[in-house]
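Me: Please take a close look at one part of this model, the faces that chain A shares with its neighbours. I would like one connected account, with the cut-offs stated.

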Amino acid sequence: MKLTHVIESQQFTVPSLMELFDRAQLMEKIAARGGTRDYENKIMATLFYKSSTRTRFSFEAAMYRLGGKVLATEHANEFSSEIDGGQLEDTIRIIANCSDVIVLRHTDEGAAKRASLVSTVPVINAGEGAGGQHPTQALLDLYTIYRECKALNGLSVALMGELDNGRTARSLAYLLSKFDRVKLYFIAPSEIQIKPDILAYLDSHRVQYELAESPEHILSHVDVVYRTHIDRERLQRRDIDLTPYNINAGVLSTMKSNAIIMHPLPRSVEIDPAVDNDPRAVYFRQSRNGLFVRMALLTILFDQG
Amino acid sequence: MKLTHVIESQQFTVPSLMELFDRAQLMEKIAARGGTRDYENKIMATLFYKSSTRTRFSFEAAMYRLGGKVLATEHANEFSSEIDGGQLEDTIRIIANCSDVIVLRHTDEGAAKRASLVSTVPVINAGEGAGGQHPTQALLDLYTIYRECKALNGLSVALMGELDNGRTARSLAYLLSKFDRVKLYFIAPSEIQIKPDILAYLDSHRVQYELAESPEHILSHVDVVYRTHIDRERLQRRDIDLTPYNINAGVLSTMKSNAIIMHPLPRSVEIDPAVDNDPRAVYFRQSRNGLFVRMALLTILFDQG
Amino acid sequence: MKLTHVIESQQFTVPSLMELFDRAQLMEKIAARGGTRDYENKIMATLFYKSSTRTRFSFEAAMYRLGGKVLATEHANEFSSEIDGGQLEDTIRIIANCSDVIVLRHTDEGAAKRASLVSTVPVINAGEGAGGQHPTQALLDLYTIYRECKALNGLSVALMGELDNGRTARSLAYLLSKFDRVKLYFIAPSEIQIKPDILAYLDSHRVQYELAESPEHILSHVDVVYRTHIDRERLQRRDIDLTPYNINAGVLSTMKSNAIIMHPLPRSVEIDPAVDNDPRAVYFRQSRNGLFVRMALLTILFDQG
């Protein structure tokens, strides 16, 4: 696969996804034996304009398991002189001068693309804006489904919770639409249902989907239940109660024995801790898969560098 | 010694303390020759919900001298989604997925214990709450006494300053009570004397102690004078003047020739800089001992991992 | 060269500058092949009381290319207990206990000097106060002129923009005055012209200079045009318009074919992006030179340590 930057999940073709996932499985083995020293000359800059310790740590741990070094900032917005338009570009040029890959989290949609146009080193989008892309999260989600279900074609996937706002559901819908005979269920109160642009995209790619207000009659036959993050403040402001969408032992008992439950973590009330020990609860492994997918992406970028 | 987590100073027995201190002396030698590469595959996450650069740097330097890598955050409280109870647990699970040891500083007492219950890697408490435990500080204090006085049994130790509030005096009292024929002096204005729970603990362990408002007649015959941090704002608010408890050349002249003066640093007016060059002023070496004790703890945790 | 601390640009003699620049050129070659592992036992502490991600990353990347490790803080001012005078000294002593070099950025002029007086490891001033020194920036600026113009004697250098406030123009003037037959042009509106102390310094060192309000008739014959940062807020407050001092294709066409354009980056409107691809635009290489000069300084400090 030819990979120069990682900007959005749509850029990956099915063959490139399969190559990435093969590589991620190799990385799983390398990480299990403590990592490698092969990339010890490489420096990764994590340039976060908005703090996100979990995502940053996952990238940085991936780099460390490869033997590399890390320049880190959680507060790139404090670049005191970066106040005018066009300065992101100069900042990227400066940081490209002292690193081999830039991991960028930005508050503006389109920032990673802009960065990639001037950077002399690869740029990886680590999330941007509120509704923008977060491609490595989408890739680790898809990798988790692939690892747990042993397939990506022919799957029924329920996305459940706050679907209008989060990046997770949107990005995953894009990626899943690349596979055959996938059926998507969007389960949410109508006020926070998935936005029409995604449905139009699915229509144009002839992907089957269904919208539902209630999880009833759906969770019993899907292969994957993906419960999204909740934004409590926002829900309270809009007076929306997502309790019927929470997953507990009762819900679990209605699910297929080989279905899986996913969540981007950390959760609050969306999933009862009593569910954690069920083999279908894969969200802790899902978080760990982020490490392997990010190691895989980094090595692919470095190997062709 | 079997060590899975480092949560509170009481968890250490006398034999385990001696084993730790032997290990710390070995680490002193290893650090003197620039460190080792033996733990280069290990990743330490320093997860600080409250910034404390000195403690964090000491842990991180310990890890570096062992050859390892560091994931660092000073602002874990900015984990934007960690707003609900129970989320510390998920955060710890996620970070355990990308590290080999977690060093946690938290604003809540009991946080390190909670973390240890769900973590798949060792957790080290790097200080919690205002009155909570800070076991590695207590261990480095005790190690300093051991290194400087060549003994821990039979010592007279004066703890002087703000004793009700700080963790230092409390933790050290717990640790010293494990040794034979120790005598403790708590020297402070009555409003900020050591709290009764510590005295009850000492009674139940049959440790000798004395309370005093004035350092007079005490400093001249003790082996150790431990001057605690002052919280100027708090003292001013309560209109308490700790000047009589400050250590200067005059005080020094009354002390035994082989006594030692300790302080957790940095000080403001508690110790006159004129005292710094006296051989009894051990506070700079005390700070350095933190490195060796933390290296020792990390290797003990890793070696049994 | 005997170098114990890097505090101000004046401390460097011409021979020591030449030795430093030879070393920097060697570092350029070492960085090009991915760096060295020669300094893997060394720990650098970047202690920033004021966040400056670009400067910090440049120092940290320099350390990584040498194989070393980095303790980093962007918010040293949050050292909660450092509220009283004299505590910088203790903080430096503590951090010297766990590092091999301290890179200090401070809000107070004179802080680096104070730190160097108590530190047991070398201290490098990474910028202090508003008008204070930032010697490594001055050194990388001078190195860039040396690399691009192949000489330092006999040069005509125009410093243009906000000259009263910034450290850049002041420090560079100090350094250039060490060389023979240098002529300096200070181009700025009179309200923000270079301050008299610099002119007095130049007089006493018999350096030729000229003040001008307009770049006209000057840019066409100088060897170096150094456009300084602008502080938009400050300029707006004082109702000063620097547009006539901006560099665009028109200005470029009047310049000598072998002149160079410098800027400390990032810029906003001072230099039109259309200028970026002209071979005379050296500001991106200038930023990269910071890496080599800092690698050179670090190795000189470590090699004599």
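Reply: What follows goes through the two interfaces of chain A and then some charged pairs.

This is a predicted model, in which local features need pLDDT of at least 70 and side-chain atom pairs count only at pLDDT 80 or more, while totals for chains, interfaces and linings use all residues. Residues are numbered from 1 along each chain as its sequence is written, chains are lettered from A and ligands numbered from 1 in the order in which they are written, and side-chain values use heavy atoms, with hydrogens and water left out.

Start with chain C, where 29 residues are in contact with 29 residues of chain A (heavy atoms within 4.5 Å). The two chains bury about 2,500 Å² between them, with 51% of it on carbon and sulfur atoms (accessible area, 1.4 Å probe, lost on being put together and summed over both). On the chain C side, C:R54, C:F57 and C:Y64 lose the most area to chain A, and together they make up 28% of what that side buries.

Four salt bridges are counted between chain C and chain A (a side-chain nitrogen of Lys or Arg within 4 Å of a carboxyl oxygen of Asp or Glu). A:E40 and C:R37 form a salt bridge, at 2.3 Å from N to O. There are also 11 residue pairs in polar contact between these chains, both residues at pLDDT 80 or more (N or O atoms within 3.5 Å; within protein, one able to donate a hydrogen and the other to accept it, and residues adjacent in sequence counting only if both atoms are side-chain atoms). On the side of chain C that touches chain A, the elements giving two or more residues are α2 (53–65) and α10 (283–303) of chain C (DSSP runs numbered from the N terminus: helices H or I of at least four residues, strands E of at least two). The largest share of that side, nine residues, comes from α2(C).

Chain B also meets chain A, and this contact takes 29 residues from each of the two chains. Chain B and chain A bury about 2,500 Å² between them, 51% of it on carbon and sulfur atoms. In chain B, the residues that lose the most area to chain A are B:D90, B:I94 and B:N97, together 22% of what that side buries. Four salt bridges cross this interface. In one salt bridge, B:D100 meets A:R65 at 3.2 Å from N to O. The side of chain B that touches chain A draws two or more residues from each of β1 (43–48), β2 (69–73) and α3 (87–96) of chain B. Of these, α3(B) gives the most, with six residues.

Now the charged pairs around position 90. In chain A, A:R93 forms a salt bridge with A:D90, the closest N and O atoms being 2.8 Å apart. A:D90 counts as buried because its relative accessibility is 1% (buried is under 20% relative accessible area, exposed over 50%, partly exposed in between; 1.4 Å probe, protein chains only). C:D90 forms a salt bridge with B:R267, with 2.6 Å between the closest N and O atoms. C:D90 lies in helix α3 (residues 87–96) of chain C and B:R267 in the loop between β9 (260–262) and α10 (283–304) of chain B, so the pair joins two chains. Both partners are buried, C:D90 at 0% relative accessibility and B:R267 at 5%.
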